[in-house]
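Q: I have the sequence and the model open side by side. Could you walk me through how to read the features, one after another?

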Amino acid sequence: MKKAVVLGGGIGGVEAAIDLRKKQLDVELVSDRDYLFVYPLAIWIPTGERSFEKTSIRLADIARAHGFTLTIDDVTGISGAEKSFTLQEGGTRQDFDYLVVAIGAHKMPHKGKENVLSICGAPQESVRVKERLDELVAKGGGTIAVGFGGNPKDPSAVRGGPAFEFLFNVHHLLRKRGVRRNYSLTFFAPMPSPGVRMGEKAVTMMDRMLEDTCVRTYTGKKIKLFDEGGVVFEDDSRLDADLVMFIAAGNGHAVVKASDLPQNEAGFISISPSCEVQGHPWMYAVGDVAALEGPAWKAKQGHIAEVMARIAADDIARKETGVGQAESYVDHISILCVMDMGNEAGFIYRDKTRAFFMPMPVVGHWVKRSWGQYFKLRKLGKVPRLPGM
Ligand SMILES: Cc1cc2nc3c(=O)[nH]c(=O)nc-3n(C[C@H](O)[C@H](O)[C@H](O)COP(=O)(O)OP(=O)(O)OC[C@H]3O[C@@H](n4cnc5c(N)ncnc54)[C@H](O)[C@@H]3O)c2cc1C
């Protein structure tokens with residue numbers, strides 16, 4: 001039986017491990033943490049609607065359900081020339097036929113980033129956002145600024161949706177407590193039209209929702225730095241805030257940047273349409289770690305990471321059996337998001353032929369919660385994969 005090692009136990013890596021097992025390969029998953037953190041559900045940790053534990057799935061349980069082995073260790077190096085990877089504890093390894101790299105992205109550096117918190121950083125940071133929000137709510141009033149940044153070297157690494165979700169959920173929480181008027185909420189981003197990759201209709205709706213929820217906006221100015229009092233922009237204007245939740249754009253993972261792997265200017269791995277790493281037919285890269293090709297509005301998302309994982313597994317099986325046809329992840333590039341607002345949601349979809357925003361009053365919030373339950377059960381092998389999900 002041929003052996004595949006998957007590096008990274010996030011959404012893309014776990015899906016790759018599951019799919020490679022289905023293709024009858026011997027699979028080992030390597031992760032620096034012992035749980036899969038379901039980032040799309042982390043939007044509810046700060047407002048207390050979901051616990052950290054319920055947002056995580058133990059990798060050991062997933063491994064047992066699907067029959068792959070699990071190694072908890074830190075990947076410190078990957079070499080294309082040597083056909084190897086190096087682990088902090090486990091040393092250099094070459095005992096595999098295929099390698100799937102799924103270690104995600106690092107973040108763009110920002111001056112003073114220690115002064116801000118993010119729901120898109122290390123998983124535990126969401127809990128710190130909750131603690132700071134709780135403190136502010138206990139104080140009875142304050143100012144909250146929420147924003148996201150871009151990566152000029154790879155615009156697909158932007159992550160704006162969770163910033164809007166966080167804002168609307170905080171608005172909803174404060175309103176439920178009857179204290180919304182005591183708080184000023186501001187949204188900031190350096191782009192003149194943030195969220196435009198979701199499509200014009202979504203941007204129009206988003207602007208209307210920000211207005212309806214009395215969220216001030218501060219857009220189109222580059223961020224110079226963050227300090228203890230808030231955000232400073234390139235023209236030295238300031239946005240003062242007691243709490244800043246900021247989502248830095250993705251940037252190439254340090255292990256990839258230090259490697260000999262082909263990569264784009266931002267440090268994301270260059271791949272073929274079937275996710276094969278250029279020049280290395282035994283290596284694949286899936287999810288946020290890879291450089292995406294496709295339309296200008298493409299964005300790194302969890303559902304794309306899963307599609308890439310399935311295509312990579314299919315391609316490996318095709319190489320082994322000579323059966324099947326290579327597929328391209330580019331054909332599947334789309335933006336798909338159920339944007340939660342605390343008590344309702346909006347369904348955002350964009351592909352090469354259409355872009356729309358559909359309001360989902362009340363039911364939308366429960367659709368997203370149900371997706372979370374389905375995702376967990378599916379990863380634990382308790383329900384089959386539904387077509388298209
Ligand atoms: C708050 C939030 C909300 C989101 N909402 C949505 C949404 O609604 N819909 C959607 O489609 N997408 C959403 N996304 C995006 C989605 O979560 C990501 O695109 C997805 O997680 C990417 O998966 P990945 O496996 O490539 O990377 P990751 O999920 O980042 O996983 C990388 C894994 O590699 C491990 N790792 C990293 N470095 C090392 C190392 N050196 N050694 C060993 N292991 C390592 C990490 O521990 C991690 O488990 C959201 C993201 C966030 C943060």
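Q: How far apart do the C-alpha centres of domain 1 and domain 2 lie?
A: Keep in mind that this is a predicted model. The C-alpha centres of domain 1 and domain 2 are 29 Å apart. Trace the pieces along the chain: domain 1 comprises 3-105 + 252-333 + 372-379, and domain 2 covers 108-249.

Q: How many residues does the contact take from domain 1 and from domain 2?
A: Each side is counted separately: 21 residues come from domain 1 and 21 residues from domain 2. On the side of domain 1 that touches domain 2, the classes are 15 nonpolar, three polar and three charged residues.

Q: Now the ligand. Which residues are closest to the ligand?
A: Start with the shell and then pick out its nearest members. Here 34 residues surround the ligand, and the closest are Gly-8, Gly-10, Gly-12, Gly-104 and Gly-287. The elements giving two or more residues to this shell are α1 (11-22), β2 (26-31), α4 (161-176) and α7 (302-321).

Q: Where does the ligand lie with respect to domain 1 and domain 2?
A: Ask which domains supply the shell. Domain 1 and domain 2 both give residues to the shell around the ligand, so the ligand lies between them. By class, the shell holds 16 nonpolar, twelve polar and six charged residues.

Q: You mentioned β2 in the shell. Is β2 largely enclosed or largely open?
A: Here you count the buried residues along the strand. Five of the six residues of β2 are buried, so β2 is largely enclosed by the rest of the structure. Its pairing is worth a look as well: strand β1 (residues 3-7) runs parallel to β2, and five bridges join them. To find the register, place Lys-3 opposite Asp-26 in β2.

Q: Can we zoom in on one residue of β2? Is Val-27 buried or exposed?
A: The idea is to count the C-beta atoms around the residue, with 20 or more within 10 Å taken as buried. Val-27, which lies in strand β2, has 29 other C-beta atoms within 10 Å and is therefore buried. Beyond the residues up to four places away in sequence, Val-27 touches Ala-4, Val-6, Ala-17, Leu-20, Arg-21 and Phe-68. You can also set sequence separation beside distance in space: Val-27 and Gly-67 are 40 residues apart in sequence, with their C-alpha atoms 8.1 Å apart.

Q: Let's move to sheets. In what order do β21, β22 and β23 form their sheet?
A: Read a sheet from one edge to the other. This open sheet of three strands has the order β21-β22-β23, with antiparallel pairing. The strands β21 (335-340) and β23 (355-360) are at the edges and have a single partner strand each, so one side of each is left without a neighbour in the sheet. From one strand to the next, the twist averages 10°.

Q: What packs on that sheet?
A: Helix α5 (residues 200-212) does, touching β22 and β23, and its direction makes about 35° with that of β23. Within the sheet, six bridges pair β21 with strand β22 (residues 345-350) in the antiparallel sense, and Val-338 stands opposite Phe-347 in β22.

Q: Is Met-206 buried or exposed?
A: We can use the same kind of count as before. Met-206, found in helix α5, has 24 C-beta neighbours inside 10 Å and so counts as buried. Leaving out neighbours within four places in sequence, Met-206 is in contact with Phe-164 and Gly-195.

Q: What is the order of the sheet that holds β6, β7 and β8?
A: Again, go from edge to edge. The order is β6-β7-β8 in an open sheet of three strands, and the pairing is antiparallel. At the edges stand β6 (75-79) and β8 (91-93), each with a single partner strand, so one side of each lacks a neighbour in the sheet. Here the twist averages 20° from one strand to the next. Strand β7 (residues 84-87) is joined to β8 by three bridges, and Leu-87 stands opposite Gly-91 in β8.

Q: One last feature: how many residues does the hairpin from β14 to β15 pass through?
A: For a hairpin, look at the link between two paired strands. Here β14 is joined to β15 through two residues. Strand β14 (residues 223-227) and strand β15 (residues 230-233) pair in the antiparallel sense over four bridges, and Phe-226 has Val-231 in β15 as its bridge partner.

Technical notes. Residues are numbered from 1 along each chain as its sequence is written. This is a predicted model: local features need pLDDT of at least 70, side-chain atom pairs count only at pLDDT 80 or more; totals for chains, interfaces and linings use all residues. A residue is near a molecule or strand if its C-beta atom, placed from the backbone, lies within 6 Å of it. Ala, Val, Leu, Ile, Met, Phe, Trp, Tyr, Cys and Pro count as nonpolar, Asp, Glu, Lys and Arg as charged, and the others, Gly among them, as polar. Domain bounds come from an automatic or database domain assignment. Two strands pair if DSSP finds at least two bridges between them. Axes are lines fitted to C-alpha atoms, for helices over the stretch in contact, and angles run from 0 to 180 degrees between N-to-C directions. Two residues are in contact if their C-beta atoms, placed from the backbone, lie within 7 Å. A residue is buried if 20 or more other C-beta atoms lie within 10 Å of its own, exposed if 12 or fewer, and partly exposed in between; C-beta atoms are placed from the backbone.
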